[in-house]
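Please look through the sequence and the model below before reading on. The paragraphs that follow lead from the ligand to the sheets, then to a helix and a few loop residues.

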Amino acid sequence: MLEIKDLSVSFDDFTVLNDINLKLDKEVYIILGPNGSGKTTLLRAISGIIPYKGSIKINGVEVRSAKGLLEYSTNLQEVYTIGNSVLETAKIISEIKKGDLKDFFKILDYLNLDRRVIHKPIFKMSTGQKALVSLALALFTRPQIVTIDEPIENIDINRLDKVISLLRERINEGIIVTHQKELIKLLEKNVRVYNMVNGELVEDNKMQ
Ligand SMILES: Nc1ncnc2c1ncn2[C@@H]1O[C@H](COP(=O)(O)OP(=O)(O)OP(=O)(O)O)[C@@H](O)[C@H]1O
């Protein structure tokens, strides 16, 4: 369960998230919203990598004090700077989260990713490779709760169905941020759709 209470995030006196309250229990939320509205900032806060006011609890544990040690994963690339290469990063994650490294390779092969890329750090990859590798890093340990930022942006047409299948199979609780509204249908799941508007989340009943 992900429970957010009175969450606010500001940068230099500019309030990006304004008193967000959200309770998510075995559900998938899709968050839409204009550029710069605060969607990624919300996922960064949930990942515990930026300071926030209020409370964000994953299965009852406050994330600011429990980074990385939760039944939670994300595809936010800035989380994956541990290790010199993606392979080292995946090894560290498999130890911390008790995942099987073989599942990481299985996802890479499923996505037809050249295995040689994982000997590089993520910042040296192409935009699409970054997206695919960070998705594999987020999902291979089968975390209970997942947040995913823009999963189908920059994905080539031949891999798109595979990425959607992965999301469909492996995300049963969490948040997906996207500009691609067609993803809501493609997921073939019961999801709740929200719009980020002026730093607040508003449920969008038309899209469901
Ligand atoms: N570290 C930071 N320092 C200062 N301002 C920031 C920082 N991170 C984000 N912002 C600002 O916060 C606002 C929200 O950014 P965010 O990345 O959350 O938007 P978004 O909704 O994900 O946008 P997009 O759809 O363009 O990806 C923007 O105005 C951005 O410039």
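In what follows, Ala, Val, Leu, Ile, Met, Phe, Trp, Tyr, Cys and Pro count as nonpolar, Asp, Glu, Lys and Arg count as charged, and the others, Gly among them, count as polar. The model is a predicted one, in which local features need pLDDT of at least 70 and side-chain atom pairs count only at pLDDT 80 or more, while totals for chains, interfaces and linings use all residues. Residues are numbered from 1 along each chain as its sequence is written.

We begin with the ligand. A residue is taken to be near a molecule or strand if its C-beta atom, placed from the backbone, lies within 6 Å of it. The residues around the ligand are Phe11, Val16, Gly33, Asn35, Gly36, Ser37, Gly38, Lys39, Thr40, Thr41 and Met196. Sorted by chemical class, this shell divides into three nonpolar residues, seven polar ones and one charged one. Which helix gives the shell its largest share? That share, three residues, comes from helix α1, residues 39-46, where helices (H or I, at least four residues) and strands (E, at least two) are DSSP runs numbered from the N terminus.

The next topic is the sheets, in which two strands pair if DSSP finds at least two bridges between them. One open sheet is formed by four strands in the order β2-β1-β4-β5, and its pairing is antiparallel. The strands β2 (14-24) and β5 stand at its edges with a single partner strand each, so one side of each is left without a neighbour in the sheet. Helix α1 packs on this sheet, where it touches β1 (2-11), β2 and β4, and its direction makes about 65° with that of β2. For this packing, two residues are in contact if their C-beta atoms, placed from the backbone, lie within 7 Å, and for the angle, axes are lines fitted to C-alpha atoms, for helices over the stretch in contact, with angles running from 0 to 180 degrees between N-to-C directions.

Within this sheet, β1 and β2 pair in the antiparallel sense over seven bridges, and glutamate 3 has lysine 23 in β2 as its bridge partner. The two strands β1 and β2 form a hairpin with two residues between them, and aspartate 12 in the turn has a positive phi of about 45°. Strand β1 also pairs with β4 in the antiparallel sense, over five bridges, and there glutamate 3 stands opposite lysine 57. Strands β4 and β5 are antiparallel too and pair over two bridges, with isoleucine 58 facing its bridge partner valine 61 in β5.

A further open sheet has six strands in the order β6-β7-β8-β3-β9-β10, and its pairing is mixed. Its edge strands are β6 and β10 (200-203), each of which pairs on one side only, and the twist averages 25° from one strand to the next. Strand β9, residues 191-197, pairs with β10 in the antiparallel sense over four bridges, and valine 197 stands opposite glutamate 200 in β10.

We turn now to helix α3. A residue is called buried if 20 or more other C-beta atoms lie within 10 Å of its own, exposed if 12 or fewer do, and partly exposed in between, with C-beta atoms placed from the backbone. The buried residues of α3 are Phe104, Ile107 and Leu108. They cover an arc of only 100° around the axis, which puts them on the same side of α3; the arc is that of the directions from the helix axis to the C-beta atoms. These buried residues pack against α2, α4 and α5 (157-170), while the face turned away from the buried side carries the exposed residues Lys102 and Asp109.

Lastly come some loop residues. Most residues other than glycine have a negative phi, and most peptide bonds are trans. Asparagine 112, in the loop between α3 (101-110) and α4 (127-139), has a positive phi near 55°, and it is exposed because 11 other C-beta atoms lie within 10 Å. Asparagine 59, in the loop between β4 (53-58) and β5 (61-62), has a positive phi of about 45° although it is not a glycine, and it counts as partly exposed because it has 13 C-beta neighbours inside 10 Å. Asparagine 84 lies in the loop between β6 (72-74) and α2 (86-96), and it is 35 residues from histidine 119 in sequence but 8.5 Å from it in space, C-alpha to C-alpha.
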